[in-house]
Amino acid sequence: MRRPALVPAHRPGTTWLHRAPAGAKLAVLAVVAVVVVVVVTARSGDVALLLGAAVLVMAVLGHVAVRTPRRVWGGLVVRLAPVLVVLGVYQVVLGSPWRGAEVVLDLLGLVLLAGLVTVTTPTDRLLDTITSLVAPLQHLPRLGPHLHPDRVALTLALAVRSVDVLWDVAVQARDAARARGRSRDVRALVTPTVVRAVGHARATGDALAARGLVD
């Protein structure tokens with residue numbers, strides 16, 4: 001059975017979020033992320049907790065509005081659960097229960113909000129938008145000659161795609177270690193994960209070079 005993706009794929013639709021410009025959606029996502037980080041950094045407590053809860057509710061309502069299947073965004077929550085538990089416990093131990101709840105709500109809300117962007121926006125439109133956003137930087141005196149907007153967009157797309165690939169590699173390594181009775185052996189998890197991750201990176205690089213997309 002295929003696991004739900006951490007970065008949900010585009011699902012065609014006719015809602016206003018599907019029709020909204022990709023640049024506007026990326027801008028809203030960036031603004032919300034900055035506000036969350038600034039508020040959490042400057043003022044931990046009721047305000048930060050309410051803001052995190054608001055972002056999470058907004059993201060869930062957004063997925064409901066664009067009719068994202070529950071198994072898609074719910075599966076994303078399930079896959080993130082181990083990371084959220086670790087981060088939450090870490091923050092509770094070093095800080096407070098409030099801090100732990102803030103971190104969990106903020107991270108979950110932002111990930112679901114980012115998923116809302118990828119669900120409602122075709123990948124090629126996202127790449128075109130990123131390319132157009134990066135293009136003005138080519139006029140900078142020192143950076144411009146070395147900057148290739150197409151390659152920047154392609155790099156970001158590959159990075160996003162690799163999240164799910166590397167997650168699956170880690171899960172498969174964990175399952176294999178568990179099957180051999182070595183679930184508590186860190187090396188049985190880390191070593192095959194690193195080896196396969198490097199192999200994936202090299203295979204991706206070779207494929208891009210074969211198509212003349214990189215030097």
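This report describes the salt bridges, one helix, the annotated segments and the largest pocket of a predicted model.

**Salt bridges**

Side chains of opposite charge can pair when their charged atoms come close. A search of the whole structure finds two salt bridges, and they are set out in the table below.

| Salt bridge | Closest N to O distance |
|---|---|
| Arg-99 and Glu-102 | 3.5 Å |
| Arg-174 and Asp-175 | 3.1 Å |

Arg-99 and Glu-102 both belong to helix 5, which runs over residues 97–120, and because they stand three residues apart there, about one helical turn separates them. The two partners differ in their surroundings, since Arg-99 is partly exposed at 25% relative accessibility, whereas Glu-102 is buried with a relative accessible area of 0%. In the other pair, Arg-174 is partly exposed at 36% relative accessibility, and Asp-175 is likewise partly exposed, at 29%.

**Helix 8**

Helix 8 takes in residues 186–210, a run of 25 residues, and the distance from its first C-alpha to its last is 36 Å, which is close to the 36 Å expected at 1.5 Å a residue. Which residues of helix 8 are buried? They are Ala-188, Thr-193 and Leu-208, and the buried residues of this helix pack against helix 7, which covers residues 149–179.

**Annotated segments**

An unreviewed UniProt entry carries the annotation "transmembrane region" for residues 20–40, 47–66, 72–93 and 100–119. In the model, the chain over residues 20–40 is 90% helix and 0% strand, with its end C-alpha atoms 29 Å apart. Over residues 47–66 the chain is 95% helix and 0% strand, and here the end C-alpha atoms are 29 Å apart.

**The largest pocket**

Rolling a probe the size of a water molecule over the atoms shows where empty space is left. The largest pocket holds about 880 Å³ of space. It is lined by 34 residues, of which Val-7, Pro-8, Thr-118, Val-160 and Arg-161 are the closest to its centre. At least two lining residues come from each of helix 2 (22–42), helix 4 (70–94), helix 5, helix 6 (123–134) and helix 7. Which helix gives the largest share of this lining? That share, 11 residues, comes from helix 7.

Helix 7 therefore appears in two parts of this account, as the helix against which the buried residues of helix 8 pack and as the source of the largest share of the pocket lining, while helix 5 holds the pair Arg-99 and Glu-102 and also supplies at least two residues of that lining.

Methods:
Residues are numbered from 1 along each chain as its sequence is written. This is a predicted model: local features need pLDDT of at least 70, side-chain atom pairs count only at pLDDT 80 or more; totals for chains, interfaces and linings use all residues. Side-chain values use heavy atoms; hydrogens and water are left out. A salt bridge is a side-chain nitrogen of Lys or Arg within 4 Å of a carboxyl oxygen of Asp or Glu. Helices (H or I, at least four residues) and strands (E, at least two) are DSSP runs, numbered from the N terminus. Buried means under 20% relative accessible area, exposed over 50%, partly exposed in between (1.4 Å probe, protein chains only). The expected span of a helix is 1.5 Å times one less than its number of residues. Contact means heavy atoms within 4.5 Å. UniProt positions are given in the numbering used here, feature names are shortened, and annotations may be inferred rather than shown by experiment. On a 1 Å grid over the protein atoms alone, a cavity is a set of points where a 1.4 Å probe fits but cannot get out, and a pocket is an open set with protein on both sides within 12 Å along at least five of seven lines; lining residues have an atom within 4 Å of a point. Grid points are joined across faces, edges and corners, and a volume is the space filled by probe spheres set on the points.
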